[in-house]
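Reader: I am in my first year and still learning how to read a protein structure. Could you take me slowly and closely through the packing around one side chain, and then show me what surrounds it?

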Amino acid sequence: MEKPDTAWAALASRRFLVSSWPWRSYAYLLSSVPVGALTIVLLFAAVGLSLVLSPLIIGIWMLMAFPLAGMVIGSVERWRARLMIPAGVRSPHATIPPGYRLRARLTFRRRERASLRALGYGLLLGVFVWPLSALFAGISATALGLTVAAPWIAAHEQMGMGPWTLDTAREGWAFLVLFGPPFYVVSSYILGALAGAEAELAKALLGPREDELRRNVAELRRSRLDLVDAFETERARIERHLHDGVQQRLVGLTMTLGLAELDLPQGQGRTLVVKAHAEAEAALADLREAVRGIHPRVLVDHGLEAAVREVADRSPLPVSVRMALPDRLPTPIEAAAYFVVSEALGNVAKHAQASRCEVEGWVAGDRLVVTITDDGIGGASFEDKQGTGLTGLVTRLDALGGTLDLSSPPGGPTRLRMECPCRLDD
């Protein structure tokens with residue numbers, strides 16, 4: 001026979017009275033008493049302390065951190081609700097991706113509506129719920145305990161049970177047999193209904209809501225996009241500094257060394273200048289390559305297709321490019337796609353032992369699809385100890401709502417597929 005998964009299903013079952021559900025109800029209601037009393041005492045103490053310290057900034061911080069107390073209350077109550085909802089109550093909090101610092105995680109949790117709602121439930125539990133639970137469950141447990149113990153109590157001293165006075169163990173047994181079962185039946189159903197209602201209240205206030213989950217996901221997406229945007233801004237700043245500052249100084253240095261080379265006579269001094277000139281030109285070439293990798297100018301000026309063709313032309317192995325993009329895409333998406341292609345071609349040249357590679361890109365519906373395929377030895381993975389450099393790009397694409405999939409069986413071929421929305425307004 002299938003076990004009931006809620007208190008209401010258990011109440012409708014014919015096996016309710018001989019199951020664990022009546023005792024679950026007692027345990028749930030009676031456990032509300034210490035939890036509720038402790039919750040309200042701590043909340044009022046925290047409010048009082050915050051008001052006392054309000055002239056200081058720490059008091060303001062304590063008031064702002066109150067929703068985090070709601071998060072703790074919600075966690076405890078969802079755990080306790082398993083007594084009446086065996087499947088449990090799912091957390092309404094959005095999953096925070098790895099990489100967030102503690103302060104950012106706490107700030108996000110503090111702003112969630114679920115935390116405020118749990119704080120409100122804590123006040124409700126501390127002011128109304130636990131006194132009602134104590135009243136009904138306490139009276140019922142006391143009366144049931146006295147009824148069961150009536151034969152032993154009446155055997156030693158006179159015992160009053162409502163309008164009856166029990167003087168002997170025999171009278172106690174008679175009272176237990178006559179009134180014990182009916183009281184157990186009535187109290188079990190009443191407390192079962194009360195505990196079920198309290199558990200449903202906890203589920204309604206502490207469980208997830210679809211619109212809230214969508215809002216949390218959207219907020220996470222926006223915050224991660226802000227990180228990506230800040231990263232791109234920093235890239236552009238570094239590129240400008242290197243291009244307009246360091247690179248110009250190196251150009252000036254090579255020109256000066258070139259002029260000095262022409263003016264100096266043959267000898268050891270001229271040999272050193274020639275060597276320094278060659279080193280400066282090599283450093284300038286390395287810097288230009290680094291600048292191109294940090295923030296490729298062709299990507300900004302001419303778009304993704306031109307930037308991909310440029311990086312393909314620089315590859316040491318033949319690369320065919322077939323891309324059909326109708327319009328320019330948002331800058332973060334173009335940058336993510338470019339760095340996926342650039343990193344993939346670099347990995348192919350270093351590790352794949354391939355003879356050729358293909359890059360394809362197109363727009364399918366509202367998604368950009370880019371694939372990089374090579375005929376190498378395969379066996380690549382995101383966890384490769386040699387370092388594919390693609391792990392960070394997976395996180396970056398995830399922030400944009402995209403995915404990065406790798407298929408690389410031993411013996412090849414290797415195929416890297418990137419998909420990403422063409423818009424960022426979701």
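Author: Start at M418, which, leaving out residues up to four places away in sequence, touches A337, V340, L368, V369, V370, L397, T403 and L404, where touching means heavy atoms within 4.5 Å. The model is predicted, so local features need pLDDT of at least 70 and side-chain atom pairs pLDDT 80 or more, while totals for chains, interfaces and linings use all residues. Residues are numbered from 1 along each chain as its sequence is written, and side-chain values use heavy atoms, without hydrogens or water.

M418 belongs to the largest nonpolar core, which has 39 residues, and together with L304, L368 and I372 it is among those with the most contacts inside that core. (Such a core joins buried Ala, Val, Leu, Ile, Met, Phe, Trp, Tyr and Cys through side-chain atoms within 4.5 Å; buried means under 20% relative accessible area with a 1.4 Å probe, protein chains only.) Two or more residues each come from α10 (297-302), α11 (304-314), β3 (319-324), α12 (331-352), β4 (357-364), β5 (367-374), α13 (391-399) and β7 (414-421), where helices are DSSP runs (H or I) of at least four residues and strands (E) of at least two, numbered from the N terminus. The largest share, 12 residues, is given by α12. Apart from this core there is a second, separate one of 24 residues, which includes A7, A10, Y28 and L125.

Returning to helix α12, we find E334 there, and with a relative accessibility of 4% this residue counts as buried. Once neighbours within four places in sequence are set aside, E334 is in contact with L299, G303, L304, R328 and L329, and one of these, L304, was named above for its many contacts in the largest core. Between the side chains of E334 and R328 there is also a polar contact of 2.9 Å (N or O atoms within 3.5 Å, one able to donate a hydrogen and the other to accept it; residues adjacent in sequence count only if both atoms are side-chain atoms).

For comparison, turn to R80, which sits in helix α4 and is likewise buried, at 4% relative accessibility. Its list of contacts, again without residues up to four places away, holds Y28, S31, S32, V35, L125 and E198; of these, Y28 and L125 are members of the second core. A polar atom of the R80 side chain lies 2.8 Å from the backbone oxygen of Y28, and the R80 side chain also makes a polar contact with the side chain of S32, at 2.9 Å.

Key. Buried < 20%, exposed > 50% of the residue type's maximum accessible area, 1.4 Å probe, protein only.
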